[in-house]
Structure formats: structure tokens, C-alpha cells
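Visitor: Could you pick one part of this model and go over it closely with me? I'd also like to hear how the rest of the chain is laid out around it.

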Amino acid sequence: MLDINLIRQNPDYVKNSLAKKGYEADFTVFLKQDGEKRELIAEVEKLKAQRNANSALVPKYKKEGKDVSEIIASTKKIGEEISVLDEKIATLDKEITNFLLSLPNMPDEDLLAGEKENNKVIKVWGEKPNFSFKAKSHIEICEDLGLVDYERGAKLAGNGSWIYRGLGARLEWALINFFIDEHLADGYEFLLLPHMLNYECGLGAGQFPKFADDVYWIDNKSENSKFLLPTAETALVNIYRNEVLKESDLPKKFAGYTPCYRREAGSYRSEERGMIRGHQFNKVEMVQYTTPKDSDKAFEELVGKAERIVQKLGLHYQLSKLAAGDCSASMCRTYDIEIWIPSMGIYKEVSSASNARDYQARRNNTRYRNEETKKLEYVHTLNASGLATSRLFPALLEQYQNEDGSVTIPEVLRKYMGGLEVIR
RNA sequence: GGAAAGUUGUCGGAGUGGUCGAACGAGGCAGAUUCGAAAUCUGUUGAGCAAGCAAUUGUUCCGGGGGUUCAAAUCCCUCACUUUCCGCCA
């Protein structure tokens with residue numbers, strides 16, 4: 001949620017900023033409603049003051065033995081006027097709130113406007129492997145080595161589902177363990193979270209109301225139902241909803257492992273075979289809660305951590321700074337780590353690091369007390385995948401494949417696989 | 001799944017229609033005392049919204065929503081959650 005005062009004071013600034021995301025904002029109705037609402041509030045509060053004063057007279061008059069029927073009758077009339085105004089205010093307020101909830105976050109000043117095509121590669125690490133043999137795709141490797149059973153996964157749950165088997169399952173589990181150990185070493189608190197969340201979580205994270213159809217609902221979609229989380233971020237940024245944190249407790253650093261459940265309705269493309277885009281994939285997610293002044297630093301830290309993991313795995317990747325329009329609705333800025341998948345000939349996102357600044361905190365009312373000013377302020381929330389396995393796993397198999405069809409296991413993962421060096 | 005009891009400020013915990021934004025205690029903050037600290041004493045201490053340059057004023061909030069009433073923390077309805085007991089179960 002954006003700061004309502006900012007829109008009141010400088011609607012054109014906000015409008016231009018959102019335009020960089022390709023979002024066309026029109027504040028004329030909003031500003032009119034907001035002004036109307038404030039006028040009505042002033043009016044109704046006067047009446048309420050009158051009612052309160054009158055009501056206080058009733059017991060006083062009774063004590064004095066005076067007749068109270070007249071004052072009760074006139075106050076009742078005031079009460080009726082109040083209900084009418086209150087109802088108008090509530091209607092306006094609902095429309096205003098819904099409008100505010102529908103607005104995306106404003107991109108940082110330094111972002112380029114536009115979509116994907118304006119993303120900028122700001123770093124390349126490692127090199128594309130140069131195979132002296134005919135390299136296989138990860139799908140072939142998985143099938144040949146029995147790591148992943150796509151057919152039976154589809155049998156169990158349809159397209160976009162698969163079964164990790166044997167060493168494939170162990171490799172997947174090794175990756176997750178490796179990630180978690182990295183985060184523990186950096187002082188992050190490790191969390192295992194509920195996978196079924198209530199509506200407020202989606203609203204607080206900024207996924208709802210707009211993207212409520214992109215998730216799986218347990219019962220029928222309603223405000224009392226629960227949905228399967230599309231990312232651990234949805235849970236992590238809601239932990240302190242409606243709470244006030246101490247400044248001395250910040251930053252808070254979390255790493256949570258969950259599968260991510262996504263409908264991905266209509267987004268499957270034939271080149272995304274295998275596990276590139278599934279309805280369930282594993283991810284370790286990092287989230288930080290910081291003060292506003294520390295959030296830029298935290299962002300750099302998160303990007304650095306995600307990069308380091310890929311580097312330790314020895315995988316070739318590039319780091320992209322996303323254009324405003326490619327950042328998700330909740331975010332001010334996003335850097336993607338994109339990993340080279342030889343068979344596809346493209347780089348695919350394995351981590352997305354973002355700064356939401358106070359956008360999510362405003363939505364879910366997470367504040368901290370500023371020790372200097374003693375005032376309550378919204379925290380900043382940041383998140384970064386650390387990492388998602390579903391693109392890493394294919395990239396790893398393909399980049400580490402050998403001519404004889406075997407796959408070398410990266411050094412850092414071996415201790416999680418009983419010292420195994422090669423899958424064959 | 002069945003039954004009961006709860007949900008009050010930073011925390012514990014009173015309050016069953018008006019004098020309650022809320023007793024009392026703890027904690028926090030400021031001051032006194034002290035070389036300093038502890039202990040003790042004194043004072044102070046919630047948030048949102050509206051108006052105002054501000055001081056301030058008004059208003060709302062006692063789990064969420066709705067209702068009754070001149071007036072609701074208090075009465076009624078409803079939803080959510082928590083705890084305990086029983087049943088079932090990994």
C-alpha cells in the first residue's frame with residue numbers, strides 16, 4: 001500500500017512513478033472521494049461530540065431530579081443523523097481502501113521504465129560450459145539416470161508435477177540442506193512454516209486481491225478459506241502483522257523452506273518441459289525486516305548471499321537488474337539471478353531479490369518504534385530466493401554432465417550425499 | 001468431531017450499562033538519592049483518524065463484524081482465534 005498522504009500531496013509524482021511500471025493511475029475519483037470523506041468526518045465528529053455531551057447530561061439531570069425525556073429525544077435525532085453520515089463514510093472508505101490496495105508499489109528512481117526488454121544484465125559470473133560431446137538436456141539426464149520420474153508424477157497429479165527419485169531426491173535434498181546451512185552460517189533464523197495460509201497473508205504480501213486466482217484454494221475461495229502458499233515470502237512477511245517491533249530487534253533475518261504451490265494457469269510453454277515450471281517446487285526463501293535506513297544495505301546483502309550460493313555451486317549465471325515493469329507489484333526494485341541452462345540456450349531465474357520498502361508493512365501493519373524519535377514507523381521488508389531448486393537442479397545437471405552420461409556432484413554438495421562424487 | 005471456559009493497554013490482571021482509555025501490579029521513560037549501580041521515592045507512560053503552522057482540540061478503538069440504547073469493555077447476534085477435557089489419530 002502506498003502512503004495516502006503522498007498521493008494527496010503529489011498525485012502527479014505518484015502517477016508518473018507508477019507509469020514506469022506500465023500502470024496507469026487515475027487519482028481524480030480517489031481525490032474527490034478522499035476530500036468528501038474528510039468533510040463528512042469533520043461533520044460527523046461534531047455531531048458525535050454533541051451526542052457525547054448530551055449523554056453525559058442524562059445521569060446528571062437524573063440525579064438532580066430533572067426531566068430527561070426531551071434531551072433523550074433530541075439526542076436520538078442526532079444519533080440518526082450520525083448513522084446516515086457514518087454509512088456514507090463507510091462506503092467511501094471501502095472504495096478508497098480498495099483503490100489503495102489495488103495500486104502497485106512505486107519503483108525506485110533509478111529503474112528504467114518498461115518491461116523485460118529493458119532489464120539490464122549488470123554482472124556475468126563464470127562461463128558457458130563448452131561441451132566436446134553432444135550434451136543432453138536435463139530431461140534426458142533425469143530419465144537416463146533415474147533421477148526424476150515425470151511420467152508417474154503426471155499420473156499422480158497431472159502435468160507440471162514430478163517425482164524426485166533415488167539419487168535425484170537426494171540431490172534435491174542436498175541442495176536444500178546446503179542452502180539452509182549457508183543461511184545459518186550468516187545468522188539467519190531457520191523457519192519451517194505452515195503451507196496453508198489465511199487470506200490476510202495474501203493481502204499483506206501484496207498478492208491479493210489481484211492475484212488471488214493464481215494460488216490454490218483449499219476450500220472455495222473466500223476470506224475465511226485458506227490457500228497454499230505460492231512462496232514462503234507470503235508467510236514470512238506476515239509474521240509480525242499488527243505488531244510493533246523494537247528497533248533493537250532489527251534487522252530480523254529469516255530463511256524459510258517450503259514447497260511453492262502455483263496454478264501457473266496458462267503460463268506453461270513447450271520449451272519449459274521438465275521442471276522449469278511446475279505446480280510445486282522447492283524453495284528456501286530469505287526475508288529481512290529492517291529500518292528504512294538499513295534496507296538498501298540489506299538488499300545488497302541478500303543479492304550477495306544468493307549469488308554466493310550459485311558461485312559455490314560453480315554454476316554460470318548472470319545478474320539482471322529488472323526494469324520497473326518487470327518488478328512484481330509489491331516491489332520497488334528487483335535483481336534476478338539467472339542461471340544458464342545449456343539445452344534451452346537461455347538464462348532462467350533461480351533467485352529474485354526484491355525490496356518492498358514499506359509497501360507490505362503498510363498492508364499488514366508491521367511497525368517498529370524509532371528509538372530516536374520514539375515514533376512508530378513502518379518497517380521495510382525484503383526478500384530473496386535462496387534459492388529455488390527447480391531451475392537450479394536442471395542447470396546443475398546440464399552444466400555438470402560428462403561425456404559418459406554421468407553427472408559430477410559439485411564439491412559443496414557431496415557431504416549431503418554421503419560423499420558421493422558422481423551420479424552415474 | 002463433542003463439551004466447557006476465555007480473548008481488555010508493553011505484560012499480568014480488575015472491571016456486567018453512564019463519573020472507563022480503562023483500577024491495581026509489573027515493565028518502560030524522566031527525575032531525586034548515589035562516586036557509580038542496585039534498592040527506594042516522585043512523576044510520567046497506548047494507537048488510528050480529522051482539523052490546525054503549532055500548542056492543542058475533537059473523534060474512534062477493550063479479538064473481528066453487526067445490533068439494542070440518549071449512552072456499550074459491560075447487553076444481544078455472528079465470525080475468528082486461544083485454552084482445557086473427551087473422542088479420534090501420525
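Guide: I'll take one sheet as the part to look at, with the overall layout before it and a few other spots after it.

A bit of housekeeping comes first. This is a predicted model, so local features need pLDDT of at least 70 and side-chain atom pairs count only at pLDDT 80 or more, while totals for chains, interfaces and linings use all residues. Residues are numbered from 1 along each chain as its sequence is written, and chains are lettered from A and ligands numbered from 1 in the order in which they are written.

Now the layout. The C-alpha trace of chain A spans about 105 × 40 × 40 Å along its principal axes. Chain A has 12 helices and 18 strands, where helices (H or I, at least four residues) and strands (E, at least two) are DSSP runs numbered from the N terminus. The domain assignment gives domain 1 (26–102) and domain 2 (116–423); such bounds come from an automatic or database assignment. Over C-alpha atoms, the centres of domain 1 and domain 2 are 49 Å apart.

Here's the sheet I promised. This open sheet has 3 strands in the order β8-β14-β15, with mixed pairing. β8 (243–246) and β15 (376–378) are at the edges with a single partner strand each, so each has one side without a neighbour in the sheet. On average, neighbouring strands of this sheet are turned by 40° against each other, direction ignored; axes here are lines fitted to C-alpha atoms (for helices, over the stretch in contact), and angles run from 0 to 180 degrees between N-to-C directions. β8 pairs with β14 (residues 366–369) in the parallel sense over 4 bridges, and two strands count as paired if DSSP finds at least two bridges between them. For a spot to click on, try K246, whose bridge partner in β14 is R369.

Look next at the loops that lead into β8 and β14. N242 is in the loop between α9 (232–236) and β8, and it has a positive phi of about 60° although it is not a glycine. N365 is in the loop between α11 (359–364) and β14, with a positive phi of about 55°, again although it is not a glycine. As for burial, a residue is buried if 20 or more other C-beta atoms lie within 10 Å of its own, exposed if 12 or fewer, and partly exposed in between, with C-beta atoms placed from the backbone. N242 is exposed, because 11 other C-beta atoms lie within 10 Å, and N365 is partly exposed with 14.

By that count, 37% of the 424 residues in chain A are buried. Helix α12 (residues 389–399) is mostly covered, with 11 of its 11 residues buried; among them are F393, L396 and L397. Strand β1 (residues 120–125) has 0 of its 6 residues buried, so it lies largely in the open. β1 pairs with β11 (residues 317–321) in the antiparallel sense over 5 bridges, and K120 stands opposite K321 there.

L397 also brings us to I141, which is in helix α5 (residues 138–145). I141 counts as buried because it has 25 C-beta neighbours inside 10 Å. I141 and L397 are 256 residues apart along the chain, yet their C-alpha atoms are separated by 7.2 Å. Leaving out residues up to four places away in sequence, I141 touches K136, L397, E398, Q401 and V407; a contact here means C-beta atoms, placed from the backbone, within 7 Å. In chain A, 72% of the contacts between residues at least 6 apart in sequence join residues at least 24 apart.

Two peptide bonds are worth a quick check. The bond from F208 to P209 is cis, with omega near 5°, and P209 is in the loop between α8 (199–205) and β6 (216–217). G386 and L387 are also joined by a cis bond, with omega about 0°, and L387 is in strand β16 (residues 380–388).

Last stop: the RNA. 18 residues surround RNA strand B, and K48, A49, S55, T75 and K76 are the closest; a residue is near if its C-beta atom, placed from the backbone, lies within 6 Å. α3 (28–64) and α4 (69–102) each supply at least two residues of that surface, and the largest share, 12 residues, comes from α3.

Terms used. Two residues are in contact if their C-beta atoms, placed from the backbone, lie within 7 Å.
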